[in-house]
Structure formats: C-alpha cells, structure tokens
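Subject: structure for you, plus notes

Hi,

Here is the structure I promised to pass on. Have a look at it first, and then read on for what I found.

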Amino acid sequence: MHRRGRGGGRGGRRHTPYGNPWPPHQSFDLLKAGDIFPNANCNDVAPKDDGIAKAIIERHGQLIPPAAEMAACSDLQSKVGTVLDNLIVTQTGKEDHALEEVRAVGCHKLGISIAGDMQIEMVVIFKKWPTSDSIATLTDLVKTELAVTAPSAEVTATSTGFNVVLDGVTGTFHAATLPDSWIEPDLPGGQVEMQAIELGLAQIRRTRWFEENVSHTSTRMLCRILIEISRRVSGFSKLSVWMVELLAHQSSMVPGQRDALPIADSLKRSLQFLSSGFFLMPNLGIVDPCEPDCQRVHLTLKDDSQDSLCCAAQTLLRWLSHGAERQVLGLQKSADVGMAVKCKGIIVEPSAGVIESASKKSSVI
C-alpha cells in the first residue's frame with residue numbers, strides 16, 4: 001500500500017541523501033557493545049597495551065616541532081597579522097581591498113603541526129567580494145609593509161589569496177568574504193570562485209569547533225600520529241586534516257563520558273573504525289559538525305579512495321595486533337601496506353581492494 005504524505009516517496013520508499021532507498025547504518029563499535037561481547041580474560045581485566053603506549057609517546061616526541069620551527073612560524077604569523085590589522089584600522093572601508101577581519105587557522109593554530117611542517121594558514125575576510133585586482137592591491141601593500149620588518153620575505157599573489165615565505169616558513173592566506181556579500185557581482189578583474197570563499201569560511205568554523213571540543217592532550221597526540229600516517233601510508237593519503245581531527249575526536253571520546261580513552265586504545269579504536277568500513281558507503285561515518293543537512297565528511301572521497309583507506313587500516317590493525325606497533329608508527333622501516341609483512345614470525349597478508357579506480361578500468365578496456 002502506498003503511503004501518501006510526508007516521508008512517502010514514489011513507490012512508498014524513503015529516499016536518503018545518498019540516492020539509495022536503504023538507510024545507512026553505523027559501523028560496529030566494540031565499546032558500545034561491551035555487554036554483548038564481554039572480556040574473555042579469566043581475571044576480567046583487559047590486557048594492557050603498555051608497549052603500544054610507549055611507542056606512541058616515543059613517536060609523538062619525534063613529531064613535535066622543535067622550538068626554533070615553532071618560533072619561526074609564530075614570527076611570520078605575528079608580522080603578517082600585525083600588517084593586516086593595521087590596514088583594517090587605517091582603511092576607510094570603501095576600498096575594494098578593504099578588510100573585515102583576519103583569522104588564524106590550520107595545524108599551527110591548533111597546536112597539532114608536526115616537525116618539518118613549517119606552514120601557517122590565515123583567512124583574510126574582505127568587506128567586498130574579492131577579485132584578482134583587489135588581492136593584487138592587498139598583496140602589494142603587505143609586501144611594502146613587510147619590507148620594513150622582514151626585508152627577506154617573499155610575497156606573491158595567488159588566485160585565492162596570497163603567500164608569504166620567510167625563513168623557511170610558508171604562509172598561506174585565503175581570501176574570503178562574509179555571507180552578506182555572497183551575491184556575486186559582475187566585477188572586472190577576475191572574481192575569486194565561490195568554492196574558495198566557502199572553503200575559507202569553513203576553515204574558520206572548523207578551527208572554532210576544534211578549540212571548543214578538543215581539550216584532551218591524548219586527542220591532540222592522536223591527531224599528530226594520524227596526520228603523519230596519512231602522509232606516509234599510501235592508503236591514508238586522501239584523508240584531509242579535517243577528517244583526521246574528527247576521527248581522532250570520535251576515537252578518543254566515549255559518549256556520556258568526559259575523560260578521553262588512553263592513547264593506545266584511541267589509536268587502536270581509530271583503526272578499528274576505519275577497518276570496519278567507517279568511511280565506506282553506506283555507513284554513516286562522521287557527521288560534519290560545521291556543515292548543515294547532516295553532511296558526512298567521507299562523501300568527498302571517491303569510491304576507490306574509500307576502499308583503499310579501509311584496506312590499509314585493516315592491514316595496519318593486523319600489524320598492531322601482532323606486535324608490529326613500531327612499524328605502524330614509523331619508528332622502524334617497513335614494507336608498503338600492499339605487501340605481505342612478517343611480524344614476529346607471523347606473515348600478515350594485506351587486505352585486497354574490491355573497487356578499481358577509473359584509470360585502471362580505462363587501461364583494461
């Protein structure tokens with residue numbers, strides 16, 4: 001019987017935002033099913049992961065940026081931020097390059113940058129819709145002012161803002177504007193695309209969310225560990241920093257509890273999430289807290305990228321289970337996750353993907 005009215009689509013099916021009439025389901029979480037799957041240990045005490053915890057602390061100590069790198073990044077952020085703040089005060093507000101405010105974003109701002117990653121990010125909010133001409137004008141003003149305090153600084157304009165390089169630190173400054181100016185005018189000089197504007201404002205929302213919700217040191221440690229893994233392990237390469245931040249928060253926190261899990265449990269839980277298809281369709285994954293309409297962060301990944309991520313996580317979880325935590329964390333060199341590895345006398349076979357990329361399909365055809 002066809003049910004008319006609210007919720008009843010054609011044929012009586014409920015259509016989800018995924019284009020699939022079947023609703024998505026959550027991935028398995030062992031912490032939420034503890035009553036159904038009790039601990040098998042005879043003493044009813046969970047085995048300790050002291051070796052994993054020590055390896056994580058050792059690796060995290062290597063990933064923390066040295067004081068000199070942190071100081072260089074803070075120096076560039078302070079100098080450019082001072083220049084932009086002075087422009088906000090001295091401008092009349094009627095110029096095409098007039099600024100509303102400047103916000104620091106990114107890993108350096110959040111305190112999760114890793115050693116060697118000497119980059120800072122800031123979002124420059126224009127009063128009007130930014131164009132290539134207004135960005136060029138602002139870039140020239142910044143270059144002129146920095147010539148006094150930092151003569152060696154290199155300032156170049158881009159299609160979405162401008163970059164500043166000083167003492168090995170690269171500063172990326174994204175141009176954006178407030179929603180009141182989102183009616184794209186027909187202005188000469190090449191307008192900044194809407195996608196770039198939205199990305200800049202999204203970075204501000206994400207930074208605010210992280211600062212308000214992530215207060216535990218172990219969660220920030222897990223962010224650093226996962227960021228490093230995403231740059232070293234091929235299957236994790238498509239994970240964005242925002243995905244890593246949400247995954248670290250999801251893995252280290254338990255609903256209804258204020259305290260975070262131990263760092264070893266958090267790392268293992270993050271790999272368990274990904275291994276169970278957490279970022280595969282049609283799983284719910286993680287709802288983006290900074291976007292409307294309950295958007296899922298993993299929907300930006302292509303099918304083959306989701307499959308590669310799941311396979312790589314399954315392989316790393318096997319390594320971790322067989323005592324190869326130093327290889328997982330990068331403390332020891334190891335083979336690629338796509339190759340078989342011998343862990344303490346046990347050969348661990350990699351997981352095989354089930355989705356072929358478009359390039360492979362075209363080559364076969």
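L301 sits in the loop between α8 and α9. Before going further, note that this is a predicted model, so take everything below in that spirit. With a relative accessible area of 9%, L301 counts as buried. Its C-alpha atom is separated by 7.2 Å from that of K238, although the two residues are 63 apart along the chain. K238 is also one of the contacts of L301, along with M243, Q306 and L309, once neighbours within four places in sequence are set aside.

On confidence: the chain has a mean pLDDT of 84, and 84% of its residues reach 70 or more. The part to treat with care is residues 1–18, where pLDDT stays under 50. For that stretch the model has 21 contacts beyond four places in sequence.

Back to α8, since L301 comes in the loop after it. This helix covers residues 263–275, and its 13 residues should span 18 Å at 1.5 Å a residue; the end C-alpha atoms are indeed 18 Å apart. How much of α8 is covered? Most of it: 10 of the 13 residues are buried. Among them are I263, A264, L267, L271, F273 and L274, but also R269 and the serines S266, S270 and S275. The packing partners of the buried residues are α1 (50–63), α6 (217–232), α7 (241–252), α9 (303–321) and α10 (325–329). After the helix comes G277, with a positive phi near 90 degrees.

One of those partners, α1, holds a residue you may want to click on: R59. Is R59 buried or exposed? Its relative accessibility is 12%, which is under the 20% cut-off, so R59 counts as buried. The R59 side chain makes a polar contact of 2.8 Å with the side chain of Q62. Not counting residues up to four places away in sequence, R59 touches I225 and E228, as well as L329, G330 and L331.

Now the sheet. It is open, has 5 strands in the order β1-β2-β5-β4-β3, and its pairing is mixed. β1 and β3 (154–158) are the edge strands, each pairing on one side only. On average, neighbouring strands are turned by 20 degrees against each other, direction ignored. Helix α5 (residues 194–213) packs on this sheet, where it touches β1, β2 and β5; the direction of α5 makes about 110 degrees with that of β5.

β5 is a good strand to follow through the sheet. It is largely enclosed by the rest of the structure, because 7 of its 9 residues are buried. How does β5 pair with β2, and how with β4? With β2 the sense is parallel, over 8 bridges, and with β4 it is antiparallel, over 6 bridges. If you want pairs to check by eye, Q119 has T170 in β5 as its bridge partner, F162 is bridged to F173, and L166 stands opposite V169.

Between β4 and β5 there is a hairpin with 2 residues between the strands. D167 lies in that loop and has a positive phi of about 55 degrees, although D167 is not a glycine. Why point that out? Because most residues other than glycine have a negative phi. D167 is also exposed, with a relative accessible area of 57%.

Last, helix α2. It runs over residues 67–90, so 24 residues in total, and reaches 34 Å from the first C-alpha to the last, close to the 34 Å expected at 1.5 Å a residue. Its buried residues are E69, A72, C73, L76, Q77, V80, G81, V83, L84 and L87. Which elements do these residues pack against? From the strands, they meet β1 (99–105), β2 (119–126), β4 (161–166) and β5 (169–177). From the helices, they meet α3 (106–110) and α4 (132–149).

That's what I have; shout if anything looks odd on your screen.

Cheers

Note on methods. Residues numbered from 1 in each chain as written. Predicted model: local features only at pLDDT ≥ 70, side-chain atom pairs only at ≥ 80, totals over all residues. Heavy atoms only, no water. Helix = DSSP H or I, 4+ residues; strand = E, 2+ residues; numbered from the N terminus. Expected span 1.5 Å × (residues − 1). Buried < 20%, exposed > 50% of the residue type's maximum accessible area, 1.4 Å probe, protein only. Contact = heavy atoms within 4.5 Å. pLDDT = per-residue confidence, 0-100. Pairing = 2+ DSSP bridges. Axes fitted to C-alpha atoms, helices over the stretch in contact; angles between N-to-C directions. Polar contact = N/O pair within 3.5 Å; in protein donor to acceptor, adjacent residues only side chain to side chain.
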